[in-house]
Amino acid sequence: MSSSPVPVPAPAQPYGRPPLRTVQVLVGAGADSSAHVRSLTTGLAARGVRVTVCAPVEAEGEYDFTGAGAQFAPDAVSAMRAACAGADVVHAHGVRAAVRALLALRGRRVPLVVTWQGGGPADEGPLGRLGRMLERQVARAAAVVLGASSDQVDLARARGARDARLAPVAAPAGDPPDADPGKARAELGAVERPLVIAIGSLVPHRGYSVLLDAARSWRVLEPQPLVVVAGEGPLRGELARRIEAEGLPVRLLGRRRDAGRLLAAADVAVLPSRWEARSLLAQEALRLGVPLVATAVGGVPDLIGDAGVLVPYGNAPALAEAVTGLLADPARRAALAAAGRAQAATWPSEDDTVAQILSVYDELTHRR
């Protein structure tokens with residue numbers, strides 16, 4: 001793919017004024033951030049905003065930001081500097097993206113908005129200290145910091161943010177589930193057995209080692225549940241070795257474009273993370289009516305309310321017992337499915353999210 005921005009037609013000038021020009025910055029971002037930027041780009045472009053997305057080339061290939069109405073530029077600092085030259089607002093998604101954006105903006109008085117993606121227990125050692133230093137640098141440099149959960153907002157303020165605001169991120173609407181979820185179950189080999197699913201990158205904070213600990217106790221169940229994990233990452237080898245050595249009923253599916261379709265076919269969804277702000281998996285599970293067992297961390301309790309089962313992080317017996325209890329109780333699963341859909345109806349829509357962020361952009365440009 002070419003490294004030069006891909007031209008798109010300029011939107012009409014609203015009220016005779018030049019259109020607002022924004023740059024969205026992603027650096028090695030995960031699926032949640034990339035899906036959010038795709039949704040945000042679609043909404044902003046539809047409102048006449050000119051959007052450039054600076055992101056890894058592979059993210060453009062998967063999320064098609066140009067198809068959503070944006071120009072695309074790679075996440076190299078030189079390309080970002082050119083993209084930011086005419087911007088009214090630069091919006092970085094994550095601390096690493098914000099650091100790259102600050103390098104690209106050096107010497108330019110362009111407002112920087114940062115969607116905060118830090119949080120959770122602080123890492124110790126040199127890497128933890130470096131991470132906290134970068135968080136302080138970003139928090140103090142940003143015109144506005146947006147947090148998807150209240151603890152993110154609190155952390156940004158603790159790091160020195162001048163203006164930190166709560167900005168819940170709506171889960172992008174996925175493809176409709178199969179009319180016959182049995183097809184997905186058959187593909188996975190779970191026709192005559194319960195299906196438990198987890199979705200997310202194979203990285204330490206997702207808590208998959210705890211999930212494997214819990215899966216050991218499910219080997220004695222009859223029928224034995226099948227646990228599938230949709231996601232890719234550096235822990236694949238370690239997890240795969242454990243699954244084989246311990247004979248665990250777990251399959252690593254890798255990264256799946258149809259993860260939402262698989263989720264809709266599951267009996268229970270599991271979120272064993274050490275920390276989450278506004279989990280995309282939790283939102284999709286409740287919206288689809290899939291019973292959810294999740295760790296009571298970060299923004300998860302506020303997000304799901306009473307519409308899921310909460311367990312302590314790192315407590316494999318509690319996680320195992322919660323899942324086993326749901327699999328044995330169809331009535332409880334049905335009640336949680338209904339409660340999940342009701343809870344999802346209270347969340348902001350994608351349009352609400354776009355409108356809130358656009359109001360922040362307008363405020364900053366009017367200040368200038």
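Two strands count as paired if DSSP finds at least two bridges between them. In this predicted model, strand 5 (residues 112–116) and strand 6 (residues 144–147) meet that rule, because four bridges join them. The two strands run parallel. One of the pairings can be named: V114 has V145 in strand 6 as its bridge partner.

Now take the whole sheet. Strands of a sheet pair through backbone hydrogen bonds, either parallel or antiparallel. Here seven strands make up an open sheet, and the pairing is parallel. The strand order is 3-2-1-4-5-6-7. Strand 3 (71–74) and strand 7 (164–166) are the edge strands, each pairing on one side only. On average, neighbouring strands of this sheet are turned by 20° against each other, direction ignored.

Strand 4 sits between strand 1 and strand 5 in the order. Strand 1 (residues 21–25) pairs with strand 4 in the parallel sense, over four bridges. Q24 stands opposite H91 of strand 4. Strand 4 also pairs with strand 5, again in the parallel sense and over four bridges. There, V90 has L112 in strand 5 as its bridge partner.

How much of strand 4 is buried? Five of the five residues in strand 4 (residues 89–93) are buried. V89, H91 and H93 point one way from the strand. V90 and A92 point the other way. Both sets are buried, the two histidines included.

Next, the helices. Helix 6 (residues 150–158) lies across strand 5, strand 6 and strand 7. Against strand 7, helix 6 runs at about 180°.

Helix 1 (residues 31–46) holds T41. Is T41 buried or exposed? T41 counts as buried because its relative accessibility is 0%, and the cut-off for buried is under 20%. Leaving out residues up to four places away in sequence, T41 touches V51, V53, F65, A68 and A70.

Helix 3 (residues 77–84) contains A83, and V77 is found in helix 3 as well. The two residues fall on opposite sides of the 20% cut-off. A83 has a relative accessible area of 17%, so A83 is buried. V77 has 21%, so V77 is partly exposed. Their contacts can be listed too, with residues up to four places away in sequence left out. A83 touches V23, T52, C54 and A73. V77 is in contact with R100, L103 and A104.

Two distances place these helix 3 residues in the fold. V77 and L102 are 25 residues apart in sequence, and their C-alpha atoms are 9.5 Å apart in space. A83 and P126 are 43 residues apart along the chain, with 33 Å between their C-alpha atoms.

Finally, look for empty space inside the model. Rolling a probe the size of a water molecule over the atoms shows where such space is left. How many cavities of 30 Å³ or more are there? The count comes to three. The largest cavity has a volume of about 40 Å³. H36, T115, L146, G147, A148, A167, V169 and I357 line this largest cavity. By class, its lining has five nonpolar and three polar residues, and no charged ones. The lining also leads back to the opening pair of strands: T115 is one of the lining residues, and strand 5 spans residues 112–116. L146 and G147 are also among the lining residues, and strand 6 spans residues 144–147.

Methods: Residues are numbered from 1 along each chain as its sequence is written. This is a predicted model: local features need pLDDT of at least 70, side-chain atom pairs count only at pLDDT 80 or more; totals for chains, interfaces and linings use all residues. Side-chain values use heavy atoms; hydrogens and water are left out. On a 1 Å grid over the protein atoms alone, a cavity is a set of points where a 1.4 Å probe fits but cannot get out, and a pocket is an open set with protein on both sides within 12 Å along at least five of seven lines; lining residues have an atom within 4 Å of a point. Grid points are joined across faces, edges and corners, and a volume is the space filled by probe spheres set on the points. Ala, Val, Leu, Ile, Met, Phe, Trp, Tyr, Cys and Pro count as nonpolar, Asp, Glu, Lys and Arg as charged, and the others, Gly among them, as polar. Axes are lines fitted to C-alpha atoms, for helices over the stretch in contact, and angles run from 0 to 180 degrees between N-to-C directions. Contact means heavy atoms within 4.5 Å. Buried means under 20% relative accessible area, exposed over 50%, partly exposed in between (1.4 Å probe, protein chains only).
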